[in-house]
Amino acid sequence: MYTVRGIELSKLAGHRLGRQRREVSSTWDAIVHDGNDSGLTRERIVAAGIAIADQDGLARVSVRRIAAQLDSSPMSLYHYVPSKRDLLNLMLDAANRDFAWPAETITDWRGVLCHFAWESRRCLKQHPWLNQLRASDPEYGPESIRILEWLLASLARVGLDVRTAIRVIGVLFVFVNGFVAVESSGSSAGKKAGRRPSVNQPSFAKAILATGNYPHVKRFIEMTAEIPDDQGFERALNLVLNGVASEIQLHRRSPAPTQGKEA
C-alpha cells in the first residue's frame, strides 16, 4: 500500500470522499421542519413550482418567481426549501403522488405493466416537464420509491426476478417517454382525430423518391400516419409487451445462474 508520511492513500481518498458526500446533503434529510404563522408552507411552494412548470416549462421555475407568486420573499422560501435542487426533487415526488393505484390486486405481469404504462403516460401528459427533470439525475423520494416497490413486488408475485423486472420496466419506461414526446410535439398539435397525412416532404426528398429507387419508402410516405392517441398507444404497448412476453419465456426456460454469476 502506498503511503504519504505514514498515511495510507486509500484512507486519505476515503476521507475526501466522505467530505464530498456530506457536502451534497439529501433533500429528505435537509427538509424536516415545516410551518410557522406566515401561512407559507412547503406544499404551497411545491404546488406553485409545479403550476409554473406545467404552464411555462421547467426552465421558468425559480425561487424568485415562486416567491412573487406567493407574495413572499425568496429568503422566506429557503426556510422551507433549502435550494433549487431540493425544490425540483420535491416537485418530482409531488407529481409522482398523482399515480393512481389499481383498485384491486393485479395478478398477471401484463396487467401490472399495462397499468404502469397507462398511468405513466397520463402523468407525463399532465406534467410534460417530468422527462426533462428525470434526465437531470434527481434524487428520487418516497413517492417514486413507492411506485417502484409496487412494480417489483407485483412482478415478483407472478414469478419475475428483480433483474428481469428491472430490465422490463426500463424498456417500458423508454417506450412511454418516447410515445408521449411524440404526442407532445408540434407535429401532432391541431390535427383532427383519426388519421392524418404524413408530414410534407422537402423538394429534395421528393426528387429522390421520384427516381423510383426507393419504392418502399415511397409507399410509406404515401400512406396516412396514425395520430398518437389512446388507440395508437394501446397498439404500440401491445407490441412492446409481446416482446416482453418472449423475453420472460426465454428467461424462464434458461437454467438458473451459477452462484456468484449474474444472469
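This is a working chat about helix packing, a cavity and pockets in a predicted model.

User: What do the settings say about pLDDT and numbering?
Analyst: The model is predicted: local features need pLDDT of at least 70, side-chain atom pairs count only at pLDDT 80 or more, and totals for chains, interfaces and linings use all residues. Residues are numbered from 1 along each chain as its sequence is written, and side-chain values use heavy atoms, with hydrogens and water left out.

User: At what angle do helix 7 and helix 10 pack?
Analyst: About 35°, with the axes of helix 7 (residues 109-126) and helix 10 (residues 162-184) 10 Å apart. Helices here are DSSP runs (H or I, at least four residues), numbered from the N terminus. Axes are lines fitted to C-alpha atoms over the stretch in contact, and angles run from 0 to 180 degrees between N-to-C directions.

User: Which residues of helix 7 and helix 10 meet?
Analyst: From helix 7, Leu113, Phe116, Ala117, Ser120, Arg121, Leu124 and Lys125; from helix 10, Val168, Ile169, Leu172, Val176, Asn177, Phe179, Val180 and Glu183. Contact means heavy atoms within 4.5 Å. These residues divide into 10 nonpolar, two polar and three charged. Ala, Val, Leu, Ile, Met, Phe, Trp, Tyr, Cys and Pro count as nonpolar, Asp, Glu, Lys and Arg as charged, and the others, Gly among them, as polar.

User: Switching to empty space. How many cavities of 30 Å³ or more does the structure hold?
Analyst: One. A cavity is a set of points on a 1 Å grid over the protein atoms alone where a 1.4 Å probe fits but cannot get out; a pocket is an open set with protein on both sides within 12 Å along at least five of seven lines, and lining residues have an atom within 4 Å of a point. The largest cavity contains about 40 Å³ of space. Volume is the space filled by probe spheres set on the points, which are joined across faces, edges and corners.

User: What lines the largest cavity?
Analyst: Ile45, Val63, Ile66, Leu77, Tyr78, Val81 and Leu87. Helix 4 (63-69) and helix 5 (74-78) are the elements that give two or more residues to that lining.

User: And the largest pocket, what volume?
Analyst: About 430 Å³. Of its 17 lining residues, Phe116, Arg134, Ser144, Ile147 and Phe173 are the closest to the centre. Helix 9 supplies the largest share of the lining, five residues.

User: Which helix gives the most to the lining of the second largest pocket?
Analyst: Helix 3, with five residues. The second largest pocket has a volume of about 230 Å³, and its lining has eight nonpolar, one polar and five charged residues.
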